[in-house]
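Please examine the structure below with attention to its pockets, its nonpolar cores and one residue in a loop. The paragraphs that follow take these topics in turn.

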Amino acid sequence: MKAYGAEFIGTFWLVLGGCGSAVLAAGFPGLGIGFVGVSLAFGLTVLTMAYAIGHISGCHLNPAVSVGLWVGGRFPAKQVIPYIVAQVIGGLAAGGVLYLIASGKAGFDVAGGFASNGFGEHSPGQYTMVAGFICEVVMTMMFLFIILGATDKRAPAGFAPLAIGLGLTLIHLISIPVTNTSVNPARSTAVALYVGDWAVSQLWMFWVAPIIGAVLGGLIYKFIGSDE
């Protein structure tokens with residue numbers, strides 16, 4: 001239960017820190033943190049939680065990561081679903097807190113996106129569904145490859161959180177214009193359910209593509225990183 005609680009808190013922090021920076025700080029007139037700031041915020045949430053709860057739950061914070069670690073032989077199958085449930089609930093709780101904060105500003109409207117992921121007319125750069133799907137698959141694949149490599153017993157000890165956090169930052173720098181960057185079904189669900197409408201209708205892609213990418217990343221590292 002402690003591991004599930006850690007995943008709840010960790011995913012709560014990821015959504016509040018990452019999506020919160022996008023909703024509250026990115027567009028602030030004249031002082032907004034922009035894409036770079038939001039990218040760094042997501043990376044910092046993972047980095048800080050990796051040090052805080054990595055020794056408790058492994059700090060997955062992401063259904064795709066849990067699936068990818070299972071495929072890579074690093075995580076037991078029986079814990080995948082409970083981890084995913086804890087992550088999604090933690091993300092939804094953070095989405096609720098963020099909604100309460102953001103709605104305290106006059107004129108706030110979730111129709112503006114509320115940091116939701118999307119494609120087509122709901123992509124920041126108007127990228128197509130196909131482009132978004134490819135982007136999410138590849139970015140999540142590389143994220144899992146980084147995670148598995150950085151946490152390998154042969155890798156330098158103590159530096160995994162830095163590699164993983166900076167890896168997620170880089171992923172956001174690349175893909176925010178395409179899909180607003182998911183690579184994490186819990187993060188996407190956490191805000192989409194508050195927006196409803198188009199965000200929910202497009203949510204399927206931000207479950208399917210990251211999980212496919214995670215499976216590919218797990219399989220590739222299992223082959224390349226094998227001691228055999």
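In this predicted model, the largest pocket has a volume of about 640 Å³. Its lining comprises 27 residues, and those nearest the centre of the pocket are Ala22, Val23, Leu24, Ala26 and Gly27. Three helices each supply at least two residues of this lining: helix 1 (2–25), helix 2 (34–57) and helix 4 (80–102). Helix 2 gives the largest share, with 4 residues. In terms of residue class, the lining of the largest pocket divides into 17 nonpolar, 7 polar and 3 charged residues.

The second largest pocket holds about 410 Å³ of space. It is lined by 28 residues, of which Gly58, Cys59, His60, Ile147 and Ile164 are the closest to its centre. Two or more lining residues come from each of helix 2, helix 3 (63–71), helix 5 (129–150) and helix 6 (160–179). Helix 2 thus appears among the contributors to the largest pocket and also among those to the second largest pocket. The classes in the lining of the second largest pocket are 17 nonpolar, 9 polar and 2 charged residues.

From the pockets, attention may turn to the packing of the nonpolar residues. In soluble globular proteins, nonpolar side chains tend to be buried together. The largest nonpolar core of this model has 53 residues, and those with the most contacts inside it are Cys19, Leu61, Phe114, Phe143 and Ile164. Ile164 is thus one of the residues with the most contacts inside this core, and it is also listed among the residues closest to the centre of the second largest pocket. Phe114, for its part, touches Val23, Gly95, Leu98, Tyr99, Ala102, Phe108, Val191, Tyr194 and Val195, when residues up to four places away in sequence are not counted. Apart from the largest core lies another, of 5 residues, including Phe119, Val137, Met205 and Ala209.

The last topic is a charged residue in a loop. Asp152 is located between helix 5 and helix 6. Is Asp152 buried or exposed? Its relative accessible area is 9%, which is below the 20% limit, and therefore Asp152 counts as buried. With neighbours within four places in sequence left aside, Asp152 is in contact with Arg74, Tyr221 and Gly225. With one of these, Tyr221, the contact is polar: the side chain of Asp152 meets the side chain of Tyr221 at 2.8 Å.

Note on methods: Residues numbered from 1 in each chain as written. Predicted model: local features only at pLDDT ≥ 70, side-chain atom pairs only at ≥ 80, totals over all residues. Heavy atoms only, no water. Core = buried A, V, L, I, M, F, W, Y, C linked by side-chain atoms within 4.5 Å. Buried < 20%, exposed > 50% of the residue type's maximum accessible area, 1.4 Å probe, protein only. Contact = heavy atoms within 4.5 Å. 1 Å grid on protein atoms, 1.4 Å probe; cavity = no way out; pocket = protein on both sides within 12 Å on 5 of 7 lines; lining within 4 Å. Points joined across faces, edges and corners; volume = space filled by probe spheres on them. Nonpolar A, V, L, I, M, F, W, Y, C, P; charged D, E, K, R; others polar. Polar contact = N/O pair within 3.5 Å; in protein donor to acceptor, adjacent residues only side chain to side chain.
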